[in-house]
Amino acid sequence: MNIERRDFLSTLTLAGAATLFSGNSLLASTGPKKEKLGIALVGLGYYSTDLLAPALQLTEKCYLAGIVTGTPAKAESWKTKYNIPDKNIYNYQNFDQIANNPDIDVVYVVLPPSMHREFVVRAAKAGKHVFCEKPMAPSVADCEAMIQACKSNKVKLAIGYRCQHDPNIQAIIRLAKDPKFGKVKMITSAAGYFDARTNHWKQNKALGGGAMGDMGVYALQGARLATGEEPVSVFAQASTTRPEIYKEVEETMMFMLDFPGGARASCQTSFGINMNYLQVNYEKGWAKLEPQSGYSGNKGSMSDGTIINFPIKNQQARQLDDDCTALMANTDLIAPGEEGLKDIRVVEAIYKSVATGKVIKI
Ligand code: NAD
């Protein structure tokens, strides 16, 4: 969302915006109009604990209203730390009762990827809008079921693609439509980190692990967003330097994408290497970001001397506020479920290429 649109939306009164809102819990509510939407985090692991809950202390359009956890000790400590009332605390078994809780407008699913489908569908059936972490789900079929469940229950689905809310990445996205440098010719895109853990769901296939879904979606998005196109074919190879840890999923994935406008991308992701950059070569120039998908500090430059270094207070807070502003005004989400599905369609083709050793048409 550009600055002008944010400013415009922030001048709308929320009461006015809510009247535009159709087919969801806010409109159904006959109570006083809300100034902030209530978010319930599902899964209180690293990302919820270290990033999302702190961001929810900075947001203007939403707040941490509830939690869903399978660990009673976490429920106790979060309740005290964030002043969460007992009536807004759920476990995985009684979660569906959230349907009757007017404090909760949005359920944010922050679980291992194999659990995303179940909890997105249950949240949608409870009549709540849903935010879902990346990767959206292990398969295209899962993503389609999640989108359908949200449509049938007249709620919205956003994917937690925080980078698409970052003005530094938005500068690259804008170049896809800007004639300044001409068409994209070649892209190099990398996103990975060294993961020292030896027994985590990221190494477990059944739970949706693997570098491709985790960091690979950032490398893939670098190419998709820079071209503004969807790839038409892919060739991929997987490898590992730590076979004793990466028994079921890839530690490293390298993949080449062809785009309909003629651009080619060379992308890589890994749980064994720290790397994070995007270089886009156009007909008449280049643009780069390094890092391209950090929580903060994404920055870069262009061949005409333009510096990309927009300040951003808190990326997750910006994502949450952008998405809640869109929910309240009933406008388009920056990264709806369909955007998550586009990535998983390519990820499926990448795994097919690894399995067959062939170029796969998408
Ligand atoms: P984590 O392992 O730290 O936390 C996972 C949570 O799920 C824990 O609270 C755990 O108790 C719970 N859980 C329930 N059932 C489980 C099971 N069978 N196995 C393992 N955990 C189970 O993971 P995380 O790093 O917080 O990742 C959660 C989600 O957030 C993933 O989809 C991940 O890709 C995403 N994530 C996104 C970003 C981002 O920048 N957008 C960053 C980190 C993680």
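**Exercise 1.** Which pocket is the space taken by the ligand?

*Solution.* In this predicted model, the space that the ligand takes up is the largest pocket. As a next step, look at which elements line the ligand: those that give two or more residues to the shell around the ligand are α4 (46–55) and α9 (211–227). Then turn to the domains, where at least three residues of the shell come from each of domain 1 (2–162) and domain 2 (163–312 + 337–361).

**Exercise 2.** Describe the residues around the ligand, and find polar contacts that they make with the ligand.

*Solution.* Begin with the shell, in which 23 residues surround the ligand, with Tyr46, Glu133, Lys134, Arg162 and Trp201 coming nearest. Sorted by class, the shell has 13 nonpolar, 5 polar and 5 charged residues. Now apply the cut-off for a polar contact, a pair of N or O atoms within 3.5 Å. A polar backbone atom of tyrosine 46 is 2.8 Å from an oxygen atom of the ligand, and a polar side-chain atom of histidine 116 lies 3.2 Å from an oxygen atom of the ligand. For glutamate 133, an N or O atom in the side chain is 2.9 Å from a nitrogen atom of the ligand. Finally, of the 830 Å² of accessible area that the ligand has on its own, the protein covers 81%.

**Exercise 3.** Locate the cis peptide bond between lysine 134 and proline 135.

*Solution.* The peptide bond from lysine 134 to proline 135 is cis, with omega near -15°, and proline 135 is placed in the loop between β5 (129–132) and α7 (140–152). Lysine 134 is also one of the residues that come nearest to the ligand.

Definitions and conventions:
Residues are numbered from 1 along each chain as its sequence is written. This is a predicted model: local features need pLDDT of at least 70, side-chain atom pairs count only at pLDDT 80 or more; totals for chains, interfaces and linings use all residues. Side-chain values use heavy atoms; hydrogens and water are left out. A residue is near a molecule or strand if one of its heavy atoms lies within 4 Å of it. A polar contact is a pair of N or O atoms within 3.5 Å; within protein, one must be able to donate a hydrogen and the other to accept it, and residues adjacent in sequence count only if both atoms are side-chain atoms. Accessible areas come from the Shrake-Rupley method with a 1.4 Å probe; for residues, only the protein chains shown count as cover. On a 1 Å grid over the protein atoms alone, a cavity is a set of points where a 1.4 Å probe fits but cannot get out, and a pocket is an open set with protein on both sides within 12 Å along at least five of seven lines; lining residues have an atom within 4 Å of a point. A molecule sits in a cavity or pocket if more than half of its atoms lie within 2 Å of its grid points. Helices (H or I, at least four residues) and strands (E, at least two) are DSSP runs, numbered from the N terminus. Ala, Val, Leu, Ile, Met, Phe, Trp, Tyr, Cys and Pro count as nonpolar, Asp, Glu, Lys and Arg as charged, and the others, Gly among them, as polar. Domain bounds come from an automatic or database domain assignment.
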